[in-house]
Amino acid sequence: MSEMQTTRRGRPGYDQQGILAVAVAAFNEHGYDATSIGMLAERLGLSKSAIYHHFGSKDEMLDRALDSALGGLEAVVDAPLPVDAGATDAVARLEHVLRGAVHVLVDQLPAVTLLLRVRGNTDVERRALTRRRAFDRRITALVAEAQAEGALRSDIDAAVVARLTFGMINSIVEWYRPGGREGADRLADDVVAIALDGLRHP
């Protein structure tokens, strides 16, 4: 999956990554539909043609940002457990995913915020929602596997567990501020403590 990386350099001060970062901030502030190329050009101090040199359309900017957020989350599920992680059972993998998801959220806060506000109004948004639902299903399957292994209590539906757990993680975008008291590692510890300790069999 591609990340929001620079591939071309344009006018001094703004490469493709810089333009995309400003665009994502505007999408989050004003909403995607209400943000025009003209508005972005004014914010950037560039002409519209300079923006189109890097991106063919506003949809392409949205697609790039959403792909970055989704790609990061998907990579967390795909990644094998670290060699020093010890256990390889489902609950260990679930903990690894929860920790990784918190890091993706913190590292890509603007893009993940944008992803969580997608409502499916465009083809780009609908594709993103399809990928997000597929991600949710993988998390649900991992919870169900941990329940089947007897590591987690099974009296709560696996899909509900997945939704509630990621609802907690996703809520971080509403209040987290970079540079605050808690970094990604501490936040991940807190999420695991709240989400898993209450679900584990004694």
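Which residues in H8 meet which residues in H10? Before selecting them, bear in mind that the model on screen is predicted, and begin with the whole protein in view.

Show the chain as a cartoon and follow it from the N terminus: the elements run α-α-α-α-α-α-α-α-α-α, so that the trace holds ten helices and zero strands. Next, colour the residues by burial; of the 202 residues of the protein, 45% count as buried. If you then switch on a surface, its accessible area comes to about 10,500 Å², with 52% of that area belonging to carbon and sulfur atoms. For a contact map, consider the pairs of residues that lie at least 6 apart in sequence: 67% of these contacts join residues at least 24 apart.

Now select residues 158-170, which form helix H8, together with residues 184-197, which form helix H10; the two pack with their axes 11 Å apart and at an angle of about 160°. Because angles over 145 degrees count as roughly antiparallel, H8 is roughly antiparallel to H10. Turn the view to look across the pair, and the crossing in which H8 passes H10 is right-handed.

Finally, show side chains where the two helices touch, which returns to the opening question. On the H8 side select Thr 165, Met 168 and Ile 169, and on the H10 side select Val 191, Ile 194 and Ala 195, since these are the residues that meet. Coloured by class, the contact of H8 with H10 shows five nonpolar residues and one polar residue, with no charged residues; Thr 165 belongs to the H8 part of this meeting.

Terms used
Residues are numbered from 1 along each chain as its sequence is written. This is a predicted model: local features need pLDDT of at least 70, side-chain atom pairs count only at pLDDT 80 or more; totals for chains, interfaces and linings use all residues. Side-chain values use heavy atoms; hydrogens and water are left out. Helices (H or I, at least four residues) and strands (E, at least two) are DSSP runs, numbered from the N terminus. Buried means under 20% relative accessible area, exposed over 50%, partly exposed in between (1.4 Å probe, protein chains only). Contact means heavy atoms within 4.5 Å. Accessible areas come from the Shrake-Rupley method with a 1.4 Å probe; for residues, only the protein chains shown count as cover. Axes are lines fitted to C-alpha atoms, for helices over the stretch in contact, and angles run from 0 to 180 degrees between N-to-C directions. Angles under 35 degrees count as roughly parallel, over 145 as roughly antiparallel, 65 to 115 as roughly perpendicular and the rest as oblique. A crossing is left-handed if the near helix is turned anticlockwise from the far one by less than a right angle, and right-handed if clockwise. Ala, Val, Leu, Ile, Met, Phe, Trp, Tyr, Cys and Pro count as nonpolar, Asp, Glu, Lys and Arg as charged, and the others, Gly among them, as polar.
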